[in-house]
Amino acid sequence: MPATALGEFVGTVILLLLGNGVVANVLLTDSKGQGGGWIVITTGWAFAVMSGGLVAAALGAPGELNPAVSVANVVTGVYPLATGLAHVAAQMLGAMVGATLVWLHYLPHWSRTKDQSLILACYCNAPAVRTTGPNLVAEILGTAVLVIVAGAIGAKGALGATPATNVGAFLVGCLVWGIGLSLGGPTGYATPARDLGPRIVHALLPISGKGSSDWGYSWIPVAGPIIGATLAAVLWRALTV
């Protein structure tokens with residue numbers, strides 16, 4: 001197990017605690033943030049990405065926090081398969097722990113929330129309009145933009161300079177904010193860890209008033225981001241060689 005896996009695990013715990021936490025704050029009945037809307041959710045997720053990335057980096061990890069990015073890094077030869085698998089495992093476990101902490105943090109509010117779809121949304125994604133092809137394309141495109149622009153953030157710019165390392169996580173958080181605002185409408189801009197890990201937790205935890213975990217849709221937030229990240233990583237590598 002590479003040392004970087006610890007950072008990916010802890011960073012993903014923070015990512016999901018804050019990211020799914022803001023969703024719960026906006027959607028659950030009698031929360032102080034109830035009804036805050038999409039702007040609040042996308043802003044909270046941006047800060048969640050920044051915070052998780054900073055924690056992961058402080059612990060010596062790359063701060064991918066996303067199995068799709070880890071898979072793309074294996075495909076493009078950034079590191080070996082064993083490292084990629086360790087990162088994915090750490091991210092999935094971190095996502096499950098983070099989602100469980102959200103359940104504990106908002107414990108009195110689950111039973112007050114009567115809409116089962118709102119409870120599920122605090123754990124995983126669901127499409128605004130359920131159409132398999134377009135939903136898959138939305139996840140592919142959103143993750144492709146994430147990978148390409150994140151690559152640009154760390155690349156030499158027109159002036160031959162790179163961002164200071166301590167602002168990289170902030171810039172990626174801003175990128176995720178932009179993706180959420182511009183491309184998050186159809187499916188909610190998922191990642192395999194952010195969706196699958198908490199979906200498993202939703203199925204396992206004794207959440208008051210919960211309904212189905214919607215397993216029929218669950219493959220799209222996994223396959224779409226992996227396809228999008230891999231295609232974008234290959235394209236970006238070809239453009240920057």
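The following exchange sets values from a predicted model against the definitions behind them.

Reader: What kind of model is this, and which atoms and residues count?

Author: The model is predicted; local features need pLDDT of at least 70, side-chain atom pairs count only at pLDDT 80 or more, and totals for chains, interfaces and linings use all residues. Residues are numbered from 1 along each chain as its sequence is written, and side-chain values use heavy atoms, with hydrogens and water left out.

Reader: How do you know how many disulfides there are?

Author: A disulfide is a pair of cysteine sulfur atoms within 2.5 Å. By this rule the count is 0. For Cys 124, the nearest cysteine sulfur belongs to Cys 122 and is 9.7 Å away, so Cys 124 does not meet the cut-off of the definition.

Reader: Why is Cys 124 called buried or exposed?

Author: Buried means under 20% relative accessible area, exposed over 50%, and partly exposed in between (1.4 Å probe, protein chains only). Cys 124 has 3%, so Cys 124 is buried. Cys 174 has 32% and therefore counts as partly exposed.

Reader: What makes the salt bridge between Asp 30 and Arg 112 a salt bridge?

Author: The term requires a side-chain nitrogen of Lys or Arg within 4 Å of a carboxyl oxygen of Asp or Glu. In the pair Asp 30 and Arg 112, the N to O distance is 2.8 Å, so the pair meets the definition. Asp 30 lies in the loop between helix 1 (4-27) and helix 2, and Arg 112 in the loop between helix 5 (107-110) and helix 6, so the pair ties together parts that are 82 residues apart in sequence. Helices here are DSSP runs (H or I, at least four residues), numbered from the N terminus. Asp 30 is partly exposed at 46% relative accessibility, and Arg 112 is partly exposed at 47%.

Reader: What is the sign of phi in Asp 30?

Author: Phi of Asp 30 is near 70°, a positive value in a residue other than glycine. Most residues other than glycine have a negative phi. Tyr 189 also has a positive phi, near 45°. Tyr 189 is found in the loop between helix 8 and helix 9 and counts as buried at 16% relative accessibility.

Reader: How many salt bridges does a search of the whole structure find?

Author: The search finds 3. One of them joins Arg 130 and Asp 214, whose closest N and O atoms are 2.9 Å apart. This pair links distant parts of the chain, 84 residues apart: Arg 130 is in the loop between helix 6 and helix 7, and Asp 214 is in the loop between helix 9 (192-204) and helix 10 (220-240). Asp 214 counts as buried at 16% relative accessibility. Another joins Arg 199 and Asp 195, at 2.8 Å from N to O. Both of these residues lie in helix 9, 4 residues apart, about one turn of the helix. Arg 199 is buried at 0% relative accessible area, and Asp 195 is also buried at 0%.

Reader: What is Asn 125 in contact with, and where is its place?

Author: Asn 125 is in the loop between helix 6 (116-121) and helix 7 (132-153). Contact means heavy atoms within 4.5 Å. Leaving aside neighbours within four places in sequence, Asn 125 is in contact with residues including Tyr 189, Asp 195, Arg 199 and Tyr 217. A polar atom of the Asn 125 side chain lies 2.9 Å from the backbone oxygen of Thr 187. Asn 125 is buried, with a relative accessible area of 4%.

Reader: Why is Asn 66 called buried or exposed, and what is it in contact with?

Author: Asn 66 has a relative accessible area of 3%, so Asn 66 is buried. This residue is in the loop between helix 2 and helix 3 (67-75). Leaving aside neighbours within four places in sequence, Asn 66 is in contact with Gln 91, Leu 146, Thr 191 and Pro 192. A polar atom of the Asn 66 side chain lies 2.9 Å from the backbone nitrogen of Ala 68. The C-alpha atoms of Asn 66 and Glu 8, 58 residues apart along the chain, are separated by 8.9 Å.

Conventions
Helix = DSSP H or I, 4+ residues; strand = E, 2+ residues; numbered from the N terminus. Polar contact = N/O pair within 3.5 Å; in protein donor to acceptor, adjacent residues only side chain to side chain.
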